[in-house]
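Please examine the sequence and the structure shown below. The paragraphs that follow lead through several of the contacts in it.

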Amino acid sequence: MYEPKIIGFLCNWCSYAAADLAGTSRIQYPSNMRAIRVMCSSRVDPEHVLRAFVNGADGVLIAGCHPGDCHYISGNYKTERKYVLLREMLEQFGIDPRRLRLEWCSSAEGGKFAQVVTEMTEELKTLGPIELGAGD
Amino acid sequence: MDKLKFAFYWAASCGGCEIAVLDIDEKILNVVEKADIVFWPVALDTKYKDVEAFQDKYIDVCFFNGAIRTSEHEEMAHLLRAKSKTLVAFGACACFGGIPGLANVSDRDEIFDLVYRELPSVSNPDKTTPQLTYTAPEGELTLPQFFDTVKALHQVCDVDYFLPGCPPTPEMIEQAVTAIFEGTLPSKGSTLAPEKALCEECPLEIQEKKIPFIKRPYQVTPDGKRCLLEQGVICMGINTRAGCGARCIKANMPCRGCMGPTPEVADQGAKLVSAIASILGVEGEERMTEKEIEALIAQIKDPLGTFYRYTLPISLLRRKVIKK
Ligand code: SF4
Ligand code: SF4
Ligand code: FES
């Protein structure tokens with residue numbers, strides 16, 4: 001059966017801790033996501049997202065602190081604007097924007113984190129493997 | 001000393017690069033003094049078969065402009081590579097795919113449908129599109145293949161130097177030609193232009209690095225003093241290579257990126273998404289709702305076409321997905 005690959009860029013201060021909590025609380029969720037820890041969601045450059053797709057990711061998750069809670073005060077506001085703009089550009093490239101997801105998870109939200117990964121995995125299964133480029 | 005042998009070729013290009021060579025004015029005479037031009041389709045009656053007859057590496061320097069759009073361009077790229085000691089990708093199209101590279105949002109079928117069938121000015125009752133071969137009473141005729149995807153020169157053959165710009169300025173061409181004559185070219189693979197970003201040679205003043213809103217260039221009358229970004233016009237000078245002397249900005253137009261990205265940047269469009277979205281609408285960002293953010297970003301029309309104006313074929317994704 002097709003198992004999508006997800007690259008998860010997780011902010012050190014919230015979402016990475018949420019993933020940790022999900023683990024220590026033994027909450028079950030699909031193992032399709034590979035986590036990359038970043039210091040802030042705003043550290044994720046759109047170039048990183050495109051690289052993930054080019055290297056075979058079927059989906060990319062960016063997860064950070066809730067608005068107002070960014071450890072660096074305003075990083076996640078920038079993340080959200082970058083995400084909205086990148087999503088629009090991905091659509092122009094013919095890539096389904098559902099392959100890129102932005103979520104806020106605090107360090108107490110292990111359950112929410114597990115649910116996000118579960119939902120995203122299910123959604124990517126219905127979308128099927130990513131197709132890029134092609135043609136001669 | 002023997003004269004150097006020069007060649008010029010145009011692939012998918014507009015002809016502007018050819019004009020740019022002539023724009024070095026009377027200095028072209030110095031070139032002719034020191035060099036023999038052995039192949040230049042736009043100006044000399046030379047044929048492909050003449051090039052085929054050259055020995056390998058017969059040409060000292062070949063300036064190749066234009067992107068790779070058809071099999072003819074690709075064949076000429078391979079041929080001129082074999083026959084030239086030094087191959088220079090000349091101009092934005094050869095370096096990055098350039099404006100023709102924007103066609104990578106489409107593909108052969110779509111383009112043929114539009115151009116040969118759908119346009120109101122087309123009369124083509126048989127709905128014929130270009131074929132690779134056609135048997136006429138006089139014999140078989142062939143046409144080059146039109147590819148789905150436009151490429152830069154280095155994506156089909158080995159390139160020694162890159163001379164970007166749309167077109168490269170007379171000063172840049174002159175410097176490159178001087179370096180060739182004096183044997184002072186930098187190491188192979190170099191781009192013959194500065195490494196810094198255009199903002200560094202831009203005469204406008206950066207005050208606060210914030211963009212309140214985005215407007216199209218025709219909606220704004222620039223004040224001639226402040227950075228265009230701060231006045232709400234998307235300017236790509238922030239990650240575009242310097243070297244053109246900020247010629248567009250001096251004419252009150254934003255930079256569209258024809259010199260290509262600075263060396264640190266792998267994907268110019270992605271980096272612009274990052275930079276522009278980070279400084280757009282900073283004021284009051286903590287109070288913005290999702291809807292307001294979407295409205296703010298929607299002011300940027302056609303992000304792909306804007307941010308990859310000259311570099312789509314060399315971007316990470318290279319083209320739009322073809323759904324066959
Ligand atoms: S962004 Fe454009 S207008 Fe502003 S300083 Fe840079 S090159 Fe000049
Ligand atoms: S300002 Fe930008 S678009 Fe204009 S010539 Fe210079 S690099 Fe090219
Ligand atoms: S530190 Fe978590 S989003 Fe900025």
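**Salt bridges, strands and a ligand**

In this predicted model, a salt bridge brings together the side chains of Lys3(B) and Asp36(B), with an N to O distance of 3.8 Å. This pair links distant parts of the chain: Lys3(B) belongs to the segment before E1 of chain B, Asp36(B) belongs to strand E2, and their positions lie 33 residues apart in numbering. Lys3(B) counts as partly exposed, at 36% relative accessibility, and Asp36(B) also counts as partly exposed, at 35%.

The strands themselves may be considered next. Strand E1 of chain B, residues 4-10, is mostly covered, since five of its seven residues are buried. E1(B) pairs with strand E2 (residues 35-39) in the parallel sense over four bridges, and Leu4(B) stands opposite Ala35(B) in E2(B). E1(B) also runs parallel to strand E3 (residues 59-65), to which five bridges join it; there, Phe6(B) has Val61(B) as its bridge partner.

A second salt bridge joins Asp113(B) and Arg117(B), whose closest N and O atoms are 2.5 Å apart. These two residues are separated by about one helical turn, because they are four residues apart in helix H6 (residues 108-118) of chain B. Over all chains, the count comes to 23 salt bridges.

Finally, which residues surround ligand 1? Among them are Leu198(B), Cys199(B), Cys202(B), Gly237(B) and Ile249(B). By class, this shell has 10 nonpolar residues, one polar residue and no charged residues. The space that ligand 1 takes is the largest cavity.

Definitions and conventions. Residues numbered from 1 in each chain as written. Chains lettered and ligands numbered in written order. Predicted model: local features only at pLDDT ≥ 70, side-chain atom pairs only at ≥ 80, totals over all residues. Heavy atoms only, no water. Near = heavy atom within 4 Å. 1 Å grid on protein atoms, 1.4 Å probe; cavity = no way out; pocket = protein on both sides within 12 Å on 5 of 7 lines; lining within 4 Å. Sits in = over half its atoms within 2 Å of the grid points. Nonpolar A, V, L, I, M, F, W, Y, C, P; charged D, E, K, R; others polar. Buried < 20%, exposed > 50% of the residue type's maximum accessible area, 1.4 Å probe, protein only. Pairing = 2+ DSSP bridges. Salt bridge = Lys/Arg side-chain N within 4 Å of Asp/Glu carboxyl O.
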